[in-house]
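Subject: Structure for your review

Dear colleague,

Please find the structure below, together with its sequence. My notes on its side-chain contacts follow.

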Amino acid sequence: MSPDPLVIEGCAVATMDGTGPFDTGAEYASGHVVVSGGRITAVGPGPTVEIPDGARRIDGVGCLVTPGLVNTHHHLFQWLTQGLALDEPLFVWLRTLYPVWARIDDQALHAAATGGLAWLALAGCTTSSDHQYIFPRGAGDLLGATVEAAAAVGMRFHPTRGSMDLGQSSGGLPPDEVTEDTDAALTATAEAVARFHDPGPDSMLRIGVAPCSPFSASERLMREAMEFARYAKVRRHTHLAETKEEDLYCRETKGLSPAEYLDKLGWLDADVWLAHCVHLDDAAVKRFAATGTSTAHCPSSNGRLGAGIAPVRRLLRAGATVGLGVDGSASSEGTTVATELRQSLLAARVRDGGEPSALTSRQALWLATRGGAACLGRTGEIGALTPGMLADVALWRLDGLAHSGMAPVGADSVGADPVAALVLAPPPVAELVLVGGNPVVDGGELRTVDSESAARAVRAARRWLFEEVAG
Ligand SMILES: [Zn+2]
(Lines give C-alpha, C1' and ligand atoms only; values in the text may rest on other atoms or scores of the structure.)
Protein backbone atom coordinates (compact mmCIF):
# COMPACT_ATOMS: atom_id res chain seq x y z
CA MET A 1 0.00 0.00 0.00
CA SER A 2 1.27 3.43 -0.93
CA PRO A 3 1.98 5.81 1.96
CA ASP A 4 -0.13 8.96 2.30
CA PRO A 5 0.93 11.96 0.21
CA LEU A 6 2.86 14.57 2.10
CA VAL A 7 4.04 18.14 1.64
CA ILE A 8 7.01 19.67 3.49
CA GLU A 9 7.10 23.44 3.15
CA GLY A 10 8.80 26.54 4.50
CA CYS A 11 12.15 24.77 4.94
CA ALA A 12 15.59 25.29 3.42
CA VAL A 13 16.18 22.75 0.63
CA ALA A 14 19.46 21.12 -0.52
CA THR A 15 18.59 18.92 -3.49
CA MET A 16 21.98 17.34 -4.31
CA ASP A 17 20.68 17.16 -7.88
CA GLY A 18 23.93 18.41 -9.48
CA THR A 19 26.33 16.74 -11.86
CA GLY A 20 29.05 15.76 -9.38
CA PRO A 21 30.84 16.61 -6.13
CA PHE A 22 32.08 19.88 -7.67
CA ASP A 23 28.55 20.92 -8.71
CA THR A 24 26.22 19.64 -6.01
CA GLY A 25 22.99 21.16 -7.33
CA ALA A 26 20.14 23.49 -6.52
CA GLU A 27 19.43 24.91 -3.06
CA TYR A 28 16.58 27.09 -1.86
CA ALA A 29 16.56 29.27 1.28
CA SER A 30 12.85 28.50 1.61
CA GLY A 31 11.11 25.87 -0.47
CA HIS A 32 9.02 22.73 -0.59
CA VAL A 33 9.13 18.99 -1.28
CA VAL A 34 6.01 17.07 -2.30
CA VAL A 35 5.78 13.28 -1.94
CA SER A 36 3.10 11.03 -3.39
CA GLY A 37 2.93 7.30 -4.14
CA GLY A 38 6.30 6.74 -2.44
CA ARG A 39 8.08 9.09 -4.83
CA ILE A 40 9.07 12.74 -4.92
CA THR A 41 6.63 14.61 -7.18
CA ALA A 42 7.77 18.22 -6.78
CA VAL A 43 10.71 20.19 -5.37
CA GLY A 44 11.22 23.92 -5.64
CA PRO A 45 11.53 27.36 -4.06
CA GLY A 46 8.68 29.11 -2.27
CA PRO A 47 5.29 27.62 -1.44
CA THR A 48 3.90 24.44 -2.97
CA VAL A 49 2.09 24.99 -6.25
CA GLU A 50 -0.04 21.83 -6.34
CA ILE A 51 -0.99 20.00 -3.17
CA PRO A 52 -2.10 16.37 -3.71
CA ASP A 53 -5.56 15.40 -2.41
CA GLY A 54 -5.47 14.33 1.22
CA ALA A 55 -1.83 15.36 1.67
CA ARG A 56 -0.45 15.85 5.14
CA ARG A 57 1.20 19.29 5.35
CA ILE A 58 4.37 19.60 7.41
CA ASP A 59 5.59 23.00 8.55
CA GLY A 60 9.32 22.90 7.81
CA VAL A 61 10.15 26.37 9.13
CA GLY A 62 13.44 26.21 11.05
CA CYS A 63 14.51 23.06 9.19
CA LEU A 64 16.65 21.91 6.26
CA VAL A 65 15.44 19.12 3.98
CA THR A 66 17.99 16.90 2.24
CA PRO A 67 17.98 13.51 0.56
CA GLY A 68 18.05 10.68 3.12
CA LEU A 69 21.62 9.66 4.00
CA VAL A 70 23.12 6.45 2.63
CA ASN A 71 25.39 4.21 4.68
CA THR A 72 27.73 2.21 2.45
CA HIS A 73 29.55 0.05 5.03
CA HIS A 74 28.49 -1.55 8.28
CA HIS A 75 28.79 -4.76 10.32
CA LEU A 76 25.58 -4.77 12.33
CA PHE A 77 26.64 -7.78 14.41
CA GLN A 78 29.32 -5.58 15.98
CA TRP A 79 26.65 -3.42 17.66
CA LEU A 80 26.91 -5.87 20.58
CA THR A 81 30.68 -5.57 20.97
CA GLN A 82 31.31 -1.85 21.19
CA GLY A 83 33.87 -0.36 23.53
CA LEU A 84 36.37 -3.26 23.49
CA ALA A 85 40.05 -3.47 22.48
CA LEU A 86 40.00 0.27 22.85
CA ASP A 87 43.56 1.20 21.93
CA GLU A 88 44.57 -1.53 19.50
CA PRO A 89 45.37 -1.51 15.78
CA LEU A 90 43.16 -3.48 13.35
CA PHE A 91 44.87 -6.89 13.43
CA VAL A 92 45.12 -7.03 17.26
CA TRP A 93 41.56 -5.66 17.54
CA LEU A 94 40.31 -8.38 15.16
CA ARG A 95 42.18 -11.17 16.95
CA THR A 96 40.62 -9.97 20.23
CA LEU A 97 37.08 -9.88 18.85
CA TYR A 98 36.91 -12.91 16.49
CA PRO A 99 36.36 -15.34 19.42
CA VAL A 100 33.53 -13.15 20.78
CA TRP A 101 31.85 -12.87 17.38
CA ALA A 102 32.15 -16.65 16.95
CA ARG A 103 29.44 -17.05 19.63
CA ILE A 104 26.82 -14.79 17.98
CA ASP A 105 23.53 -16.41 16.94
CA ASP A 106 20.55 -15.20 14.93
CA GLN A 107 18.57 -13.98 17.94
CA ALA A 108 21.45 -11.87 19.23
CA LEU A 109 22.08 -10.56 15.72
CA HIS A 110 18.41 -9.61 15.34
CA ALA A 111 18.70 -7.43 18.45
CA ALA A 112 21.99 -5.93 17.22
CA ALA A 113 20.65 -5.17 13.74
CA THR A 114 17.44 -3.63 15.07
CA GLY A 115 19.39 -1.39 17.43
CA GLY A 116 22.00 -0.44 14.85
CA LEU A 117 19.54 0.34 12.07
CA ALA A 118 17.14 2.20 14.37
CA TRP A 119 20.04 4.39 15.50
CA LEU A 120 20.99 5.17 11.91
CA ALA A 121 17.37 6.01 11.02
CA LEU A 122 17.09 8.47 13.92
CA ALA A 123 20.06 10.30 12.42
CA GLY A 124 18.56 10.67 8.95
CA CYS A 125 19.81 7.51 7.26
CA THR A 126 17.32 5.94 4.84
CA THR A 127 19.43 3.26 3.12
CA SER A 128 22.06 1.09 4.76
CA SER A 129 24.40 -1.59 3.60
CA ASP A 130 25.60 -4.37 5.89
CA HIS A 131 28.53 -6.75 5.61
CA GLN A 132 27.88 -9.97 7.52
CA TYR A 133 31.03 -12.08 7.19
CA ILE A 134 30.93 -14.36 10.22
CA PHE A 135 28.73 -17.45 9.96
CA PRO A 136 29.54 -19.72 12.92
CA ARG A 137 28.21 -23.27 12.61
CA GLY A 138 24.80 -23.64 14.28
CA ALA A 139 24.26 -19.88 14.60
CA GLY A 140 20.92 -20.03 12.74
CA ASP A 141 19.63 -17.74 10.02
CA LEU A 142 21.98 -14.78 10.43
CA LEU A 143 21.31 -12.97 7.17
CA GLY A 144 17.57 -13.53 7.64
CA ALA A 145 17.81 -11.90 11.08
CA THR A 146 19.27 -8.70 9.62
CA VAL A 147 16.73 -8.65 6.79
CA GLU A 148 13.88 -9.01 9.29
CA ALA A 149 15.31 -6.21 11.46
CA ALA A 150 15.63 -3.85 8.48
CA ALA A 151 12.02 -4.54 7.47
CA ALA A 152 10.85 -3.80 11.02
CA VAL A 153 12.80 -0.53 11.18
CA GLY A 154 11.66 0.40 7.66
CA MET A 155 15.19 0.95 6.31
CA ARG A 156 16.05 0.40 2.64
CA PHE A 157 18.59 -2.38 2.98
CA HIS A 158 21.62 -3.56 0.98
CA PRO A 159 23.08 -6.44 2.98
CA THR A 160 26.03 -8.35 1.59
CA ARG A 161 26.71 -12.05 2.08
CA GLY A 162 30.27 -11.94 3.36
CA SER A 163 32.62 -14.88 3.73
CA MET A 164 36.01 -15.90 5.09
CA ASP A 165 37.80 -19.11 4.04
CA LEU A 166 41.42 -18.20 4.81
CA GLY A 167 42.04 -19.19 8.43
CA GLN A 168 45.26 -19.08 10.41
CA SER A 169 46.25 -22.59 9.32
CA SER A 170 46.23 -21.39 5.68
CA GLY A 171 48.14 -18.17 6.34
CA GLY A 172 45.12 -15.92 7.02
CA LEU A 173 44.39 -13.77 10.07
CA PRO A 174 41.13 -15.22 11.53
CA PRO A 175 41.11 -18.38 13.64
CA ASP A 176 39.90 -21.38 11.59
CA GLU A 177 36.76 -21.68 13.75
CA VAL A 178 35.26 -18.49 12.27
CA THR A 179 35.97 -19.39 8.62
CA GLU A 180 33.85 -21.41 6.20
CA ASP A 181 34.66 -24.03 3.61
CA THR A 182 35.07 -22.24 0.24
CA ASP A 183 32.37 -24.25 -1.56
CA ALA A 184 29.95 -23.90 1.36
CA ALA A 185 30.46 -20.12 1.41
CA LEU A 186 29.85 -19.83 -2.33
CA THR A 187 26.72 -22.00 -2.14
CA ALA A 188 25.34 -19.98 0.78
CA THR A 189 26.05 -16.75 -1.14
CA ALA A 190 24.07 -17.99 -4.15
CA GLU A 191 21.24 -19.07 -1.84
CA ALA A 192 21.14 -15.65 -0.18
CA VAL A 193 20.82 -13.89 -3.54
CA ALA A 194 18.09 -16.30 -4.70
CA ARG A 195 16.19 -15.88 -1.44
CA PHE A 196 16.36 -12.13 -0.90
CA HIS A 197 17.53 -10.08 -3.88
CA ASP A 198 14.94 -7.75 -5.38
CA PRO A 199 16.26 -5.93 -8.49
CA GLY A 200 12.98 -3.98 -8.96
CA PRO A 201 12.95 -0.17 -9.19
CA ASP A 202 11.32 0.38 -5.76
CA SER A 203 13.47 -2.32 -4.15
CA MET A 204 13.84 -2.23 -0.36
CA LEU A 205 16.30 -5.14 -0.42
CA ARG A 206 19.26 -5.86 -2.67
CA ILE A 207 21.99 -8.35 -1.85
CA GLY A 208 25.69 -7.97 -2.57
CA VAL A 209 28.51 -10.53 -2.67
CA ALA A 210 31.33 -9.79 -0.23
CA PRO A 211 34.33 -12.00 0.59
CA CYS A 212 35.80 -10.24 3.62
CA SER A 213 39.36 -9.04 2.92
CA PRO A 214 42.69 -10.01 1.32
CA PHE A 215 43.84 -11.51 4.63
CA SER A 216 40.72 -13.62 5.28
CA ALA A 217 39.45 -14.67 1.83
CA SER A 218 41.31 -16.95 -0.58
CA GLU A 219 42.07 -16.04 -4.18
CA ARG A 220 39.70 -18.81 -5.31
CA LEU A 221 36.84 -17.43 -3.18
CA MET A 222 37.43 -13.93 -4.60
CA ARG A 223 37.44 -15.17 -8.20
CA GLU A 224 34.43 -17.47 -7.93
CA ALA A 225 32.44 -14.93 -5.94
CA MET A 226 33.15 -12.44 -8.74
CA GLU A 227 31.99 -14.90 -11.42
CA PHE A 228 28.80 -15.59 -9.50
CA ALA A 229 28.06 -11.88 -8.88
CA ARG A 230 28.46 -11.11 -12.57
CA TYR A 231 26.17 -14.01 -13.49
CA ALA A 232 23.55 -12.99 -10.90
CA LYS A 233 23.91 -9.26 -11.73
CA VAL A 234 24.52 -8.22 -8.13
CA ARG A 235 27.15 -5.85 -6.77
CA ARG A 236 30.44 -6.79 -5.09
CA HIS A 237 31.94 -5.45 -1.91
CA THR A 238 35.01 -6.10 0.24
CA HIS A 239 37.55 -4.36 2.48
CA LEU A 240 40.68 -2.93 0.91
CA ALA A 241 43.88 -1.16 1.95
CA GLU A 242 42.67 -0.37 5.44
CA THR A 243 46.01 -0.46 7.28
CA LYS A 244 49.75 -0.48 6.76
CA GLU A 245 49.79 -4.04 8.13
CA GLU A 246 47.40 -5.16 5.37
CA ASP A 247 49.61 -3.45 2.79
CA LEU A 248 52.63 -5.32 4.14
CA TYR A 249 50.67 -8.62 4.26
CA CYS A 250 49.72 -8.29 0.58
CA ARG A 251 53.25 -7.36 -0.50
CA GLU A 252 54.74 -10.31 1.46
CA THR A 253 52.18 -12.98 0.50
CA LYS A 254 51.18 -11.86 -3.00
CA GLY A 255 54.04 -9.60 -4.12
CA LEU A 256 51.52 -6.82 -4.84
CA SER A 257 49.92 -3.87 -3.09
CA PRO A 258 46.32 -4.52 -1.95
CA ALA A 259 44.92 -2.50 -4.89
CA GLU A 260 47.18 -4.29 -7.40
CA TYR A 261 46.10 -7.64 -5.96
CA LEU A 262 42.39 -6.82 -6.34
CA ASP A 263 43.00 -5.47 -9.83
CA LYS A 264 44.69 -8.75 -10.79
CA LEU A 265 41.62 -10.67 -9.58
CA GLY A 266 39.17 -8.48 -11.55
CA TRP A 267 37.94 -6.75 -8.43
CA LEU A 268 38.50 -3.17 -9.58
CA ASP A 269 35.35 -2.64 -11.62
CA ALA A 270 32.19 -0.57 -11.94
CA ASP A 271 30.10 -3.09 -9.99
CA VAL A 272 32.43 -2.96 -6.96
CA TRP A 273 32.51 -0.72 -3.91
CA LEU A 274 35.37 -1.10 -1.44
CA ALA A 275 35.53 -0.20 2.25
CA HIS A 276 38.33 2.08 3.55
CA CYS A 277 40.89 2.40 0.70
CA VAL A 278 43.18 4.32 3.05
CA HIS A 279 46.51 3.25 1.59
CA LEU A 280 46.21 4.00 -2.13
CA ASP A 281 49.06 5.31 -4.25
CA ASP A 282 48.50 7.57 -7.28
CA ALA A 283 48.37 4.60 -9.65
CA ALA A 284 45.59 3.01 -7.57
CA VAL A 285 43.60 6.26 -7.49
CA LYS A 286 43.84 6.42 -11.29
CA ARG A 287 42.71 2.78 -11.60
CA PHE A 288 39.70 3.45 -9.33
CA ALA A 289 38.66 6.32 -11.59
CA ALA A 290 39.33 4.45 -14.83
CA THR A 291 37.45 1.31 -13.77
CA GLY A 292 34.54 3.03 -11.97
CA THR A 293 35.43 1.38 -8.65
CA SER A 294 33.75 3.12 -5.68
CA THR A 295 35.05 3.74 -2.16
CA ALA A 296 33.13 3.47 1.13
CA HIS A 297 34.98 6.06 3.23
CA CYS A 298 34.75 5.37 6.99
CA PRO A 299 36.68 8.18 8.73
CA SER A 300 35.56 7.55 12.33
CA SER A 301 36.49 3.88 12.24
CA ASN A 302 39.79 4.65 10.51
CA GLY A 303 40.57 7.20 13.22
CA ARG A 304 39.49 4.87 16.05
CA LEU A 305 41.84 2.14 14.81
CA GLY A 306 44.62 4.56 13.87
CA ALA A 307 44.49 3.20 10.32
CA GLY A 308 45.03 6.48 8.48
CA ILE A 309 42.61 8.39 6.24
CA ALA A 310 41.58 7.70 2.65
CA PRO A 311 42.76 10.18 -0.02
CA VAL A 312 39.23 11.46 -0.65
CA ARG A 313 40.23 14.71 -2.32
CA ARG A 314 42.50 12.88 -4.77
CA LEU A 315 39.82 10.29 -5.52
CA LEU A 316 37.18 12.96 -6.19
CA ARG A 317 39.54 15.04 -8.33
CA ALA A 318 40.38 11.93 -10.35
CA GLY A 319 36.65 11.38 -10.97
CA ALA A 320 36.22 8.33 -8.71
CA THR A 321 33.06 7.75 -6.65
CA VAL A 322 33.20 8.01 -2.85
CA GLY A 323 30.40 7.33 -0.36
CA LEU A 324 30.37 7.40 3.45
CA GLY A 325 30.17 4.42 5.78
CA VAL A 326 30.01 4.07 9.54
CA ASP A 327 31.82 0.69 9.53
CA GLY A 328 31.09 -1.84 12.25
CA SER A 329 30.10 -0.35 15.57
CA ALA A 330 32.91 -2.17 17.39
CA SER A 331 35.34 0.24 15.71
CA SER A 332 33.06 3.27 15.55
CA GLU A 333 30.94 3.08 18.73
CA GLY A 334 27.57 3.89 17.24
CA THR A 335 28.73 6.46 14.71
CA THR A 336 25.99 7.59 12.31
CA VAL A 337 26.22 8.78 8.73
CA ALA A 338 25.31 12.24 10.03
CA THR A 339 28.39 12.29 12.28
CA GLU A 340 30.50 11.05 9.36
CA LEU A 341 29.59 14.23 7.44
CA ARG A 342 31.68 16.29 9.83
CA GLN A 343 34.31 13.58 10.30
CA SER A 344 34.89 13.28 6.56
CA LEU A 345 35.36 17.03 6.22
CA LEU A 346 37.75 17.30 9.17
CA ALA A 347 39.69 14.18 8.19
CA ALA A 348 40.21 15.40 4.61
CA ARG A 349 41.48 18.75 5.87
CA VAL A 350 43.81 17.16 8.43
CA ARG A 351 45.11 14.66 5.90
CA ASP A 352 45.78 17.30 3.27
CA GLY A 353 47.36 19.81 5.67
CA GLY A 354 47.24 23.40 4.46
CA GLU A 355 44.15 22.70 2.34
CA PRO A 356 41.11 23.87 4.32
CA SER A 357 39.04 23.40 1.16
CA ALA A 358 40.13 19.75 0.83
CA LEU A 359 36.48 18.79 1.32
CA THR A 360 33.64 21.32 1.51
CA SER A 361 30.39 20.96 3.48
CA ARG A 362 28.47 20.41 0.28
CA GLN A 363 30.91 17.79 -0.93
CA ALA A 364 30.56 15.95 2.40
CA LEU A 365 26.78 15.92 1.94
CA TRP A 366 27.28 14.74 -1.63
CA LEU A 367 29.33 11.77 -0.40
CA ALA A 368 26.58 10.83 2.07
CA THR A 369 23.82 11.02 -0.55
CA ARG A 370 24.74 10.82 -4.22
CA GLY A 371 28.09 9.14 -3.55
CA GLY A 372 26.40 6.50 -1.40
CA ALA A 373 23.67 5.92 -3.99
CA ALA A 374 26.35 5.37 -6.65
CA CYS A 375 28.30 2.95 -4.42
CA LEU A 376 25.17 0.82 -4.05
CA GLY A 377 24.25 1.02 -7.76
CA ARG A 378 21.20 3.22 -7.16
CA THR A 379 22.03 6.42 -9.02
CA GLY A 380 18.79 7.89 -10.34
CA GLU A 381 16.70 6.12 -7.68
CA ILE A 382 17.89 7.62 -4.38
CA GLY A 383 20.35 10.28 -3.16
CA ALA A 384 18.74 13.43 -4.57
CA LEU A 385 15.56 15.44 -4.17
CA THR A 386 14.36 15.20 -7.77
CA PRO A 387 10.83 14.56 -9.05
CA GLY A 388 10.44 10.89 -9.96
CA MET A 389 12.99 9.59 -7.46
CA LEU A 390 12.13 7.45 -4.44
CA ALA A 391 10.90 9.55 -1.52
CA ASP A 392 13.87 8.94 0.81
CA VAL A 393 14.05 12.25 2.63
CA ALA A 394 15.51 13.71 5.85
CA LEU A 395 14.24 16.89 7.50
CA TRP A 396 16.72 18.36 9.98
CA ARG A 397 15.80 20.81 12.74
CA LEU A 398 18.32 23.69 12.80
CA ASP A 399 16.55 26.22 15.02
CA GLY A 400 17.49 24.79 18.42
CA LEU A 401 20.20 25.78 20.87
CA ALA A 402 22.96 23.83 19.06
CA HIS A 403 22.65 25.94 15.92
CA SER A 404 21.40 29.19 17.44
CA GLY A 405 24.81 30.85 17.06
CA MET A 406 24.76 30.13 13.34
CA ALA A 407 21.06 30.94 12.84
CA PRO A 408 21.18 29.20 9.48
CA VAL A 409 17.45 29.03 8.69
CA GLY A 410 14.19 30.94 9.07
CA ALA A 411 13.37 34.54 9.82
CA ASP A 412 16.41 35.04 12.12
CA SER A 413 18.85 33.73 9.52
CA VAL A 414 21.92 35.94 9.18
CA GLY A 415 24.93 34.97 7.12
CA ALA A 416 25.34 31.26 7.88
CA ASP A 417 24.07 28.59 5.54
CA PRO A 418 22.06 25.49 6.46
CA VAL A 419 24.26 22.91 4.71
CA ALA A 420 27.30 24.17 6.61
CA ALA A 421 25.24 24.00 9.83
CA LEU A 422 24.28 20.38 9.13
CA VAL A 423 27.84 19.32 8.35
CA LEU A 424 30.05 21.48 10.60
CA ALA A 425 27.98 21.71 13.78
CA PRO A 426 26.89 18.76 15.94
CA PRO A 427 24.42 16.60 13.98
CA PRO A 428 20.91 17.87 14.62
CA VAL A 429 17.86 15.80 15.40
CA ALA A 430 16.20 14.37 12.32
CA GLU A 431 12.69 15.76 12.65
CA LEU A 432 11.23 13.60 9.90
CA VAL A 433 12.77 10.68 7.99
CA LEU A 434 10.89 9.20 5.04
CA VAL A 435 11.80 5.93 3.34
CA GLY A 436 9.76 5.50 0.17
CA GLY A 437 7.43 8.13 1.60
CA ASN A 438 6.87 6.17 4.85
CA PRO A 439 7.63 8.17 8.01
CA VAL A 440 10.21 6.05 9.87
CA VAL A 441 11.04 8.99 12.14
CA ASP A 442 8.38 11.59 12.84
CA GLY A 443 8.52 14.42 15.34
CA GLY A 444 12.09 13.36 16.13
CA GLU A 445 11.01 9.88 17.27
CA LEU A 446 11.12 6.43 15.72
CA ARG A 447 7.65 5.35 14.59
CA THR A 448 8.41 1.81 13.42
CA VAL A 449 10.12 0.14 16.38
CA ASP A 450 10.19 1.18 20.01
CA SER A 451 13.59 2.67 20.89
CA GLU A 452 13.44 1.61 24.55
CA SER A 453 12.55 -2.02 23.72
CA ALA A 454 15.31 -2.11 21.08
CA ALA A 455 17.87 -0.86 23.62
CA ARG A 456 16.71 -3.41 26.22
CA ALA A 457 17.02 -6.23 23.67
CA VAL A 458 20.56 -5.09 22.76
CA ARG A 459 21.68 -5.02 26.42
CA ALA A 460 20.18 -8.49 27.02
CA ALA A 461 21.82 -9.92 23.89
CA ARG A 462 25.19 -8.42 24.84
CA ARG A 463 24.94 -9.93 28.35
CA TRP A 464 23.99 -13.33 26.86
CA LEU A 465 26.90 -13.15 24.39
CA PHE A 466 29.49 -12.43 27.07
CA GLU A 467 28.12 -15.24 29.25
CA GLU A 468 28.47 -17.58 26.24
CA VAL A 469 32.06 -16.45 25.72
CA ALA A 470 32.88 -16.92 29.42
CA GLY A 471 31.41 -20.39 28.86
ZN1 LIG B 1 34.39 -3.06 7.82
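How many salt bridges does the count come to? In this predicted model, the count comes to 27 salt bridges.

One of them joins glutamate 27 to arginine 362, with the closest N and O atoms 2.6 Å apart. This pair links distant parts of the chain, since glutamate 27 belongs to strand E2 (residues 27-36) and arginine 362 to helix H12 (residues 361-375), 335 residues apart. Glutamate 27 has a relative accessibility of 31% and therefore counts as partly exposed. Arginine 362 is also partly exposed, with a relative accessible area of 25%.

A further salt bridge is formed by the side chains of glutamate 219 and lysine 264, at 3.6 Å from N to O. Here, too, distant parts of the chain are linked: glutamate 219 is in helix H5 and lysine 264 in helix H7 (residues 258-264), 45 residues apart. Glutamate 219, at 31% relative accessibility, counts as partly exposed, and so does lysine 264, at 42%.

Aspartate 352 and arginine 351 also form a salt bridge, in which the closest N and O atoms are 3.5 Å apart. Is each of these two residues buried or partly exposed? Aspartate 352 has a relative accessibility of 13%, which is under the 20% limit, so this residue counts as buried. Arginine 351, at 33%, counts as partly exposed. In addition, salt bridges that share partners join Arg230, Arg236, Asp269 and Asp271 into one network.

I turn next to the aromatic rings. The count comes to eight aromatic pairs. One of these consists of phenylalanine 215 and tyrosine 249, whose ring centres are 6.5 Å apart and whose planes meet at 85°, so the pair is edge-to-face. Phenylalanine 215 lies in the loop between strand E9 (208-211) and helix H5 (219-232), whereas tyrosine 249 lies in helix H6 (residues 244-254); the pair therefore ties together parts that are 34 residues apart in sequence. Both phenylalanine 215 and tyrosine 249 are buried. Elsewhere, Phe77, Trp93, Tyr98, Trp101 and Tyr133 are linked into a cluster by ring pairs.

Finally, there are charged side chains over ring faces. Arginine 236, already named in the salt-bridge network, lies over the face of tryptophan 267, at 4.9 Å from the ring centre. Lysine 254 is placed over the face of tyrosine 261, at 4.5 Å from the ring centre.

Yours sincerely

Technical notes
Residues are numbered from 1 along each chain as its sequence is written. This is a predicted model: local features need pLDDT of at least 70, side-chain atom pairs count only at pLDDT 80 or more; totals for chains, interfaces and linings use all residues. Side-chain values use heavy atoms; hydrogens and water are left out. Rings of Phe, Tyr and Trp (its six-membered ring) pair if their centres lie within 6.5 Å; planes under 30 degrees apart count as stacked, over 60 as edge-to-face and the rest as tilted. Helices (H or I, at least four residues) and strands (E, at least two) are DSSP runs, numbered from the N terminus. Buried means under 20% relative accessible area, exposed over 50%, partly exposed in between (1.4 Å probe, protein chains only). A charge sits over a ring if NZ of Lys or CZ of Arg is within 6 Å of the ring centre and within 35 degrees of the ring normal. A salt bridge is a side-chain nitrogen of Lys or Arg within 4 Å of a carboxyl oxygen of Asp or Glu.
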